[in-house]
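Hi everyone, thanks for coming. I've got one model to walk you through today, so pull it up on your screens and follow along.

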Amino acid sequence: MNAKLIDRFATLFFYAVAILIICTLIGLLGYIVIHGISYISWEFLTEPPGSYILGQVGGIAPQLFNSFYLLILTMIITLPIGIGGGIYMAEYAKPNKFTKFLRLCMEVMSSLPSIIIGLFGLLLFVQYTGWGYTLAGGALALTIFNLPLMVRVVEQAITAVPREQKEAALSLGVTHWQTITKIMLPVALPGIVTGAILAAGRIFGEAAALLFTAGLSSPNLDFTDWDPTSVSSPLNPFRPAATLSVYIWKVNSDSLSTETAAIVSGGSAFILICVVLLFTIFARLLGRYIYRRLTSS
Amino acid sequence: MSQTLTVDKFHVYYGEKHALDNISISFQPKTVTALIGPSGCGKSTLLRSLNRMNDFIPMFRTEGSVRLGEEEIYDSKIDVVNLRKRMGMVFQQPVPFPLSIYDNIAYGPRIHGTTQKKKLDQIVEKTLQQAHLWEEVKDRLHKSALGLSGGQQQRLVIARVLAVEPEILLLDEPASALDPISTEHIERLILSLKEEYTIVVVTHNMQQAKRISDQTAFFLHGEIVERNETQTLFHSPIDQRTNHYLSGQFG
């Protein structure tokens, strides 16, 4: 066969692969949207769940709130450590055995099965600390597998800053630290923000790591009580909290009525997909906005 | 305020690689010295060693001495940050910070403690004038520096360097990424800055070295082959290798 013919076949093959990927994605999203959207109502979003074991549908308000709140808690822990670690890896880590070992550790950490992280969290954040199932425990478990990703995102964003940019600052008699905070971080910011939001999407949909850490249930939440130390306050980080993904899993394994389970999980799945999609779009817009602000202020 | 920079029996190693071999040269005030030679000959390494910009390269090691006035640059007790401030550096690619034109210039002085707006205004105007850029940008000082052309950006970078009042200017192929007209701007600028500064310029362009420098040093394989007044070096080189390089037999 001659090279031109092979070239044509290769082109066709790669087009076919691309079409396959797009069709799978559209099929999947389409299925979830078409099945899910009919269950969505104001009540579904704002009411607490019904006794689904008895076939009552109810809403998903506490679970939705828990998902967002857990995400915020996780980000509060992950962002400072992740940015610090990323700066270390990009600017201070010397290329030696220790650094290599550190990288290996982070790769292993980020590829651990999330159910294993859940079990580890159960031992450490639930039993050892004596907290029981808590949002805080869930946030720490999510931090474990979000952190390596965050460190890599920050490291890559900082390494992508042109070397001349850094040296230009240094040659003005600016210290290394000032160069990092005043020149390199702002230039790297769009990349960091985009990476952080994409990581947030992953956290938002996580279930396995949370089954044994944040728990499967939520106490009756009083949405008028904003005192974080009160037991029924939604803001209390030391209360159990089922997130939306965990709730989907739970309804499907507990409910006696397959019809109820289908309604609850269909609606929840739709909301979940929408939020993750919004995160992705938001990440792009925000990244672009920050870039434009920085370059034409 | 400009100083003599003296390099004495200076060696640079990158790990096993002997990048500079026994370099001795001095750079005089109010003089432009051009460093020429083929790629990889060590001219940029020398330039970047003068303000310790190579410190960030792993496995970098030096022997011998570099003195700014009386001060030993590679003395472990020296304040490297302050040293770099005294030696302004300009790179091949123009690298404005992603800030406004004004803030680019004011950046250095602000870091070093000048906060008065009036004072900063003066510095911005003065250095932009020195860099022959004032007339072109005075109406858009608060617009992004990234909107300037390459040649304008390079002059802005030079103005930014001047704003921290260095004693020495180190220019690493400052015009090689620019078009001929911008190059001419930069060359005229270098000639006018000679009145006040000690200038060291690395260049690939031999015609440029001829046009702007008083002294020229020819580098090959990490050594200085020949060093002389520019006119003499170009018209009657002593070393056969210099002659071959200048006549384009290798490069």
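I'll go through chain A, then the sheets of chain B, and finish with the place where the chains meet. Keep in mind that this is a predicted model.

So, how far can we trust chain A? Its mean pLDDT is 88, and 98% of its residues reach 70 or more. If you go element by element, helix α1 of chain A, residues 3-37, has the highest mean at 94, and helix α11 of chain A, residues 258-296, has the lowest at 84. As a general reminder, where pLDDT is low, the predicted coordinates shouldn't be read in detail.

Okay, what's chain A made of? Eleven helices and zero strands. Rotate it a bit: along its principal axes, the C-alpha trace spans about 70 × 65 × 40 Å. Of the 297 residues in the chain, 40% count as buried. And if you take the contacts in chain A with a separation of 6 or more, 74% of them come from residues 24 or more positions apart.

Now the annotation. The unreviewed UniProt entry puts "transmembrane region" at residues 12-34, 68-89, 101-125, 131-149, 183-204 and 261-286 of chain A. Let's check a couple of those against the coordinates. Residues 12-34 of chain A are 100% helix and 0% strand, with the end C-alpha atoms 32 Å apart. Residues 68-89 of chain A are also 100% helix and 0% strand, and there the end C-alpha atoms are 30 Å apart. The unreviewed entry also has "domain: ABC transmembrane type-1" at residues 64-282 of chain A. That span is 74% helix and 0% strand, and its end C-alpha atoms lie 19 Å apart.

Let me zoom in on one residue, I197(A), which sits in helix α8 of chain A, residues 176-205. Is I197(A) buried or exposed? I197(A) counts as buried because it has 20 C-beta neighbours inside 10 Å, and 20 is the cut-off for that label. Who's around I197(A)? Leaving aside neighbours within four places in sequence, I197(A) is in contact with F279(A), F282(A) and A283(A). For a sense of the fold, I197(A) and V275(A) are 78 residues apart in sequence, but 11 Å apart in space, C-alpha to C-alpha.

Right, over to chain B, where we do get sheets. One is an open sheet of four strands, in the order β2-β1-β4-β5 of chain B, with antiparallel pairing. At its edges are β2, residues 17-27, and β5, residues 71-72, of chain B, and each of these pairs on one side only. Helix α1 of chain B, residues 43-50, packs on this sheet and touches β1, β2 and β4 of chain B, with its direction at about 65° to that of β2(B).

Stay with β1(B) and β2(B) for a second. They pair in the antiparallel sense over seven bridges. L5(B) stands opposite F27(B) in β2(B), and Y14(B) stands opposite K17(B). The hairpin has two residues between the strands, and G15(B) takes a positive phi there, near 60°.

There's another open sheet in chain B, this one with six strands in the order β6-β7-β8-β3-β9-β10 and with mixed pairing. The edge strands are β6 and β10 of chain B, with β10 at residues 223-229. Ignoring direction, neighbouring strands here are turned by 15° against each other on average. At the β6 end, β6(B) and β7(B), the latter at residues 168-172, pair in the parallel sense over four bridges. One bridge there joins M87(B) to I168(B) in β7(B). Then α6(B) packs on the sheet, touching β6 and β7 of chain B, and its direction makes about 170° with that of β6(B).

Last stop, the interface. How many residues of chain B are in contact with chain A? The count is 26 residues of chain B, against 21 residues of chain A. The elements giving two or more residues to chain B's side are α2 (80-86), β6 (87-90), α3 (101-111) and α6 (150-162) of chain B. The largest share, four residues, comes from α2(B). By type, chain B's side divides into 15 nonpolar, eight polar and three charged residues.

Notice that β6(B) and α6(B) turn up again: they're on that list of elements touching chain A, and they're also the pair we saw packed together in the six-stranded sheet. That's it from me, happy to take questions.

Notes
Residues numbered from 1 in each chain as written. Chains lettered and ligands numbered in written order. Predicted model: local features only at pLDDT ≥ 70, side-chain atom pairs only at ≥ 80, totals over all residues. Contact = placed C-beta atoms within 7 Å. Nonpolar A, V, L, I, M, F, W, Y, C, P; charged D, E, K, R; others polar. Pairing = 2+ DSSP bridges. Axes fitted to C-alpha atoms, helices over the stretch in contact; angles between N-to-C directions. Buried ≥ 20, exposed ≤ 12 C-beta atoms within 10 Å, placed from the backbone. UniProt positions renumbered as here; feature names shortened; annotations may be inferred. pLDDT = per-residue confidence, 0-100.
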